[in-house]
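Here's a quick tour of a protein chain for your next look at the viewer. Have the sequence and the coordinates open side by side, and follow along by topic.

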Amino acid sequence: MVRWGVGEKKKTQQKTHTTRPRFTADRGGTSTAMAEGEEAPPPSSSWEKDLADALEEGGCDLETVRNIIQGRQLPAELRAKVWKIALNVVGKGDSLASWDGSLDLPEQNTIRKDCQELIDQLSVPEEEKSVLLLDIESVITFYCKSRNVKYSSCLGWIHLLKPLVQLRLPRSDLYNCFYAIMNKFIPRDCFMKGRPFHLFRLLLQYHEPELCSFLDTKKMTPDSYALNWLGSLFSYYCSAEVTQAIWDGYLQQADPFFIYFLMLIILVNAKDVILAQESDKEEMLKFLETSPANLDLEDIEDLFSLAQYYCSKTPASFRKDNHSLFGSSLLGLKDDDTDLSQALCLAVSVSEILQANQQQGEGVRFFVVDCRPAEQYNAGHLSTAFHLDSDLMLQNPAEFAQSVKSLLEAQKQSIESGSVAGGEHLCFMGSGREEEDMYMNMVLAHFLQKNKEYVSIAKGGFMALQQHLADINVEGPENGYGHWIASTSGSRSSINSSVDGDSPNGSSDGKGVKSLVNKMTVALKTKSVNVKEKVISFIENTSTPVDRIPFNIPWPDRASLERHISSSDRVGKPYRGVKPVFSIGDEEEYDTDEIDSSSMSDDDRKEVVNIQTWINKPDVKYNFPCNEVKENGHMFPSHLLVTATHMYCLREIPSRKGLAYIQSRQALNSVVKITSKKKHPELITFKYGNSNTSGIEILAVERYLIPNAGDATKAIKQQIMKVLDALES
């Protein structure tokens, strides 16, 4: 038996909550659903009479219906009327009236076959079957024609129609209800690798990072097991009565995103079984895919109760930033889909961050972690933000570990003290500039790997915060930015006094800028500043002191700190009349010539190859398993293959074992620089370009995390020198 309860999982968050109901279900089909310490309420039909009277009078809206039903199971005889109100199709005309009734689509035989199979599953009198078959086939055919959609059995429309057909609706109502469900409750791109499933993975990661990580490791993506959950609103696997009960609640919610939380509870309920599974991938997928079939009527109340709980613990940005998934909007989602599929974690808008911590009572409250370098933080930051210099992760791991420990302690204390800075939801804020936020993304990945729940990222970073405050007409830093933006640099004395001294009204109750978080941050960032001061002298093109740099401009790029290899390495010879172009050494903190070459190509255009076949090619001299590291911190399992003249990056395709994309192909003689981090020598950066009389032009930059990076760079360097020697001779 699979057992799970919010009361067990969320002990730390629910010390002040009443006991939550327990949802359980076993694979044998038996189930229980009851609130602990409570008895089942006595049966009552008075509300049913009130509902029937309200529906009979007409003009009844969804709010009235909800107030009467209050989450109880609908009487079968009233379900059709309630669903029509929830779908807003009451009084709608016959959309098929102007249609000529032609059933002549190229896929008509498939449509008729699927409709017949649906009829065979229903208890329909023989004399009514032909009429019902025509109605269902007409609904699907007209929908395809009016929406210019090609029908396919895998779309799952038959399963969506099944609960509606059981209501014995007239054909016009059947079509109107089907259209409304498709338009309001079935998300766009509800197919394999579609955007809705990337979003669900982010939701799962937010609440259940351990479970998400386990499924990721097994390469079991949500679309591989939840396609028919979402595409049929659970009707694919659930019994008719369970489906009707789920739809009763879901349609009354009038929130299309609520299906995500029902899906989440299905997974969470099976978490212990999933993590303990030792069967192969196919068996595990089958178990996951069919898990909704274990639901019984008695489970539905608690299923919804738990879904509501998780919903209340989810940032509002989850809905607001993805609202175009549902509805009749014609906005395209192609560009957004790429971003969402590669998202490291759930993104939260800066407006929500500002609003959330001003609210009282329950709900989502954020503990903001500012991951920008110390000098940027000092120049201006969200007054409630804790500072964690992400550069320390590579530069000083021991200090980084101590900072993380202090961060978690500060979070705990701020929650206990009721500070406005307190929140159980960690939100990481960067600068908003991709090249600077790479290290922040690695910090984010660190927390996710530790299975830390409630981890998000501030969308657009500090730049978005500045823009938002400007949009709502909040004055700039010289005028205080009110209580939102603080500064700890000497040049901001007026603002600094608000941070280190009392709040403007003389209060020190924790609700002003002065807070536990700021005190701990000031103490911690002192060390970070010392680290930074060693680098400041290398800043190019500025003599501005640290404490006077305006916080609304990007921090200047660092000068190159790399060392050239010795002349004995035979790369110091002039090549084609210009100075040496190839060097190897320590990587500078920021590059002025960052170009992500792999971002120039699209997966649809990349060549797919067999990894082992390529490794075994006679011209491949070296193969280095590695992770390609993008500037946004994302890492992709890859292979670096080195031939006599070229270096190839083969990026593994997660869904196709043994196959890879040719992510990049670079000539060895185009390598102008190989650098590594002193504190993180496995992170290797290759820069490609060409040289002319005016200097070196960088055309592409690639980063890889390579085990035994020393051996790899040595082999590549030797091969580069051979190429250069050959070219010179």
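On helix α15, E282 and K286 are exposed, while M284, L285, F287 and L288 are buried. Bear in mind that this is a predicted model. The notes below start with that helix, then move on to one buried residue, an open sheet and the chain as a whole.

**The two sides of α15**
- Helix α15 takes in residues 281-290, and its buried set includes M284 and L288.
- The buried residues span an arc of only 160 degrees around the axis, so they end up on the same side of α15.
- That fits the usual geometry: with 3.6 residues a turn in an α-helix, residues three or four places apart point the same way.
- E282 and K286 sit on the other side of α15, and they're exposed.
- What lies over the buried residues of α15? The cover includes α10 (209-217), α11 (222-232), α13 (258-269) and α14 (271-276).

**I246 and its surroundings**
- I246 belongs to helix α12, which runs over residues 240-253.
- I246 counts as buried because its relative accessibility is 1%, and the cut-off for buried is under 20%.
- Once you set aside the neighbours within four places in sequence, I246 is in contact with F234, C238, L262, L295, I300 and F304.
- L297 is 51 residues from I246 in sequence, yet their C-alpha atoms are 8.9 Å apart in space.

**The open sheet and its helices**
- Five strands pair in parallel to make an open sheet, in the order β4-β9-β8-β5-β7.
- β4 (346-348) and β7 (386-387) are the edge strands; each has a single partner strand, so one side of each has no neighbour in the sheet.
- β8 (residues 425-429) and β9 (residues 455-458) pair in the parallel sense over 3 bridges.
- F428 has I457 in β9 as its bridge partner.
- Helix α9 (residues 195-207) packs on the sheet and touches β4, β5 (366-370), β8 and β9, with its direction at about 85 degrees to that of β4.
- Helix α22 (residues 397-417) also packs on the sheet, touching β5, β7 and β8, and its direction makes about 150 degrees with that of β5.

**The chain as a whole**
- You'll find 28 helices and 19 strands in the protein chain.
- Of its 729 residues, 53% are buried.
- Among contacts with a separation of 6 or more, 68% join residues 24 or more positions apart.
- The accessible surface is about 33,600 Å², and carbon and sulfur atoms hold 49% of it.

Technical notes. Residues are numbered from 1 along each chain as its sequence is written. This is a predicted model: local features need pLDDT of at least 70, side-chain atom pairs count only at pLDDT 80 or more; totals for chains, interfaces and linings use all residues. Side-chain values use heavy atoms; hydrogens and water are left out. Helices (H or I, at least four residues) and strands (E, at least two) are DSSP runs, numbered from the N terminus. Buried means under 20% relative accessible area, exposed over 50%, partly exposed in between (1.4 Å probe, protein chains only). Contact means heavy atoms within 4.5 Å. Accessible areas come from the Shrake-Rupley method with a 1.4 Å probe; for residues, only the protein chains shown count as cover. Two strands pair if DSSP finds at least two bridges between them. Axes are lines fitted to C-alpha atoms, for helices over the stretch in contact, and angles run from 0 to 180 degrees between N-to-C directions. The arc is that of the directions from the helix axis to the C-beta atoms.
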